[in-house]
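Welcome! Work through these short exercises with the model open beside you, and try each task before reading its solution.

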Amino acid sequence: MAVRHHLTRVGPGAVWDVLADGHRYAEWVVGTSESHPVRGQWPRTGAAIGYEVRLGPVRLDNETVVRHCEEGRLLELEAHAGVLGTARIAIELRPWGEHCLVIVDEHPLRGAGGRLHNVGFEALIQLRHRAMLSRLAELCEAEAKVPGGTRRGLGQVTAASDTDGAGHA
C-alpha cells in the first residue's frame with residue numbers, strides 16, 4: 001500500500017478547492033491530460049471524470065469515479081486504467097497549524113495492477129505520488145491570496161503596519 005504525505009503552505013480549504021474541481025484533475029495528477037466531467041457533479045459520490053493518459057504515441061482514455069467524499073476532508077476515488085485494472089486512491093486533508101497535511105493512500109483493487117503489485121511497483125507509485133503531491137502543493141500555493149485579493153508569491157512576506165504608520169514584518 002503506497003502512502004505518502006506532503007505539507008502544503010495553505011489551509012485545507014484551498015487544497016479542497018482544487019480537488020473539488022474535476023476540470024483541474026489533469027493539472028495535478030501525474031500522467032493525465034484533458035480531464036472532463038463524464039457524469040454526476042464532482043466530487044459527489046458516484047460522479048466521474050474522464051481523462052487521457054499518454055504513453056509515447058499511445059493514448060488511453062481512463063475514468064476516475066468518486067467512491068466516498070467528506071467535503072473539505074476526504075476524497076476516495078477509484079481510478080479505472082483499462083487493462084491495468086482499478087486502484088483505490090484516498091486523499092485526506094488534515095489541518096496542520098495554518099497549513100494542510102495532504103495524505104495519499106493508493107492500492108490496486110482489480111486487474112493486472114493487483115496481480116503485478118510488488119515492492120518494485122510500490123516504489124514507482126511512491127515516485128508518482130511525490131511528483132503529484134508537489135504539483136498539487138505548487139498549484140494551491142500559487143493560487144493563495146493575501147488580504148486585499150492580491151496573489152502572494154511563494155516565500156513572499158507581507159508586512160502589516162500599526163496605527164502610527166511604522167511597519168513591522
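**Exercise 1. The sheet**

In what order do the seven strands form the open sheet?

*Solution.* A word on the model first: it is predicted, so local features need pLDDT of at least 70 and side-chain atom pairs count only at pLDDT 80 or more, while totals for chains, interfaces and linings use all residues. Residues are numbered from 1 along each chain as its sequence is written, and side-chain values use heavy atoms, leaving out hydrogens and water.

Step 1: Find the strands, which are DSSP runs of E with at least two residues (helices are runs of H or I with at least four), numbered from the N terminus.
Step 2: Look for pairs, meaning strands with at least two DSSP bridges between them.
Step 3: Read off the order β1-β7-β6-β5-β4-β3-β2, with antiparallel pairing.
Step 4: Check the edges: β1 (2-8) and β2 each have a single partner strand, so one side of each lacks a neighbour in the sheet.

**Exercise 2. Strand β5 and its partners**

Find out how β5 is joined to β4 and to β6.

*Solution.*
Step 1: β4 and β5 pair in the antiparallel sense over seven bridges, and Thr64 stands opposite Ala79 in β5.
Step 2: Three residues separate β4 and β5 in their hairpin, where Gly72 in the turn has a positive phi of about 80°.
Step 3: On the other pairing, β5 and β6 (residues 86-96) are antiparallel over seven bridges, with Leu77 opposite Ile89 in β6.
Step 4: The hairpin of β5 and β6 has five residues between the strands, and Gly82 takes a positive phi near 55°.
Step 5: Is β5 largely enclosed or open? Five of the seven residues of β5 (residues 74-80) are buried, so this strand is largely enclosed by the rest of the structure. Buried means under 20% relative accessible area, exposed over 50%, and partly exposed in between (1.4 Å probe, protein chains only).

**Exercise 3. Two residues to classify**

Are Gly40 and Val58 exposed or partly exposed?

*Solution.*
Step 1: Locate Gly40 in the loop between β2 (32-39) and β3 (48-55).
Step 2: With a relative accessible area of 65%, Gly40 is exposed.
Step 3: Compare positions: Gly40 and Val66 are 26 residues apart in sequence, and their C-alpha atoms are 9.6 Å apart in space.
Step 4: Turn to Val58, which lies in β4 (residues 58-70).
Step 5: Val58 has 40% relative accessibility and therefore counts as partly exposed.
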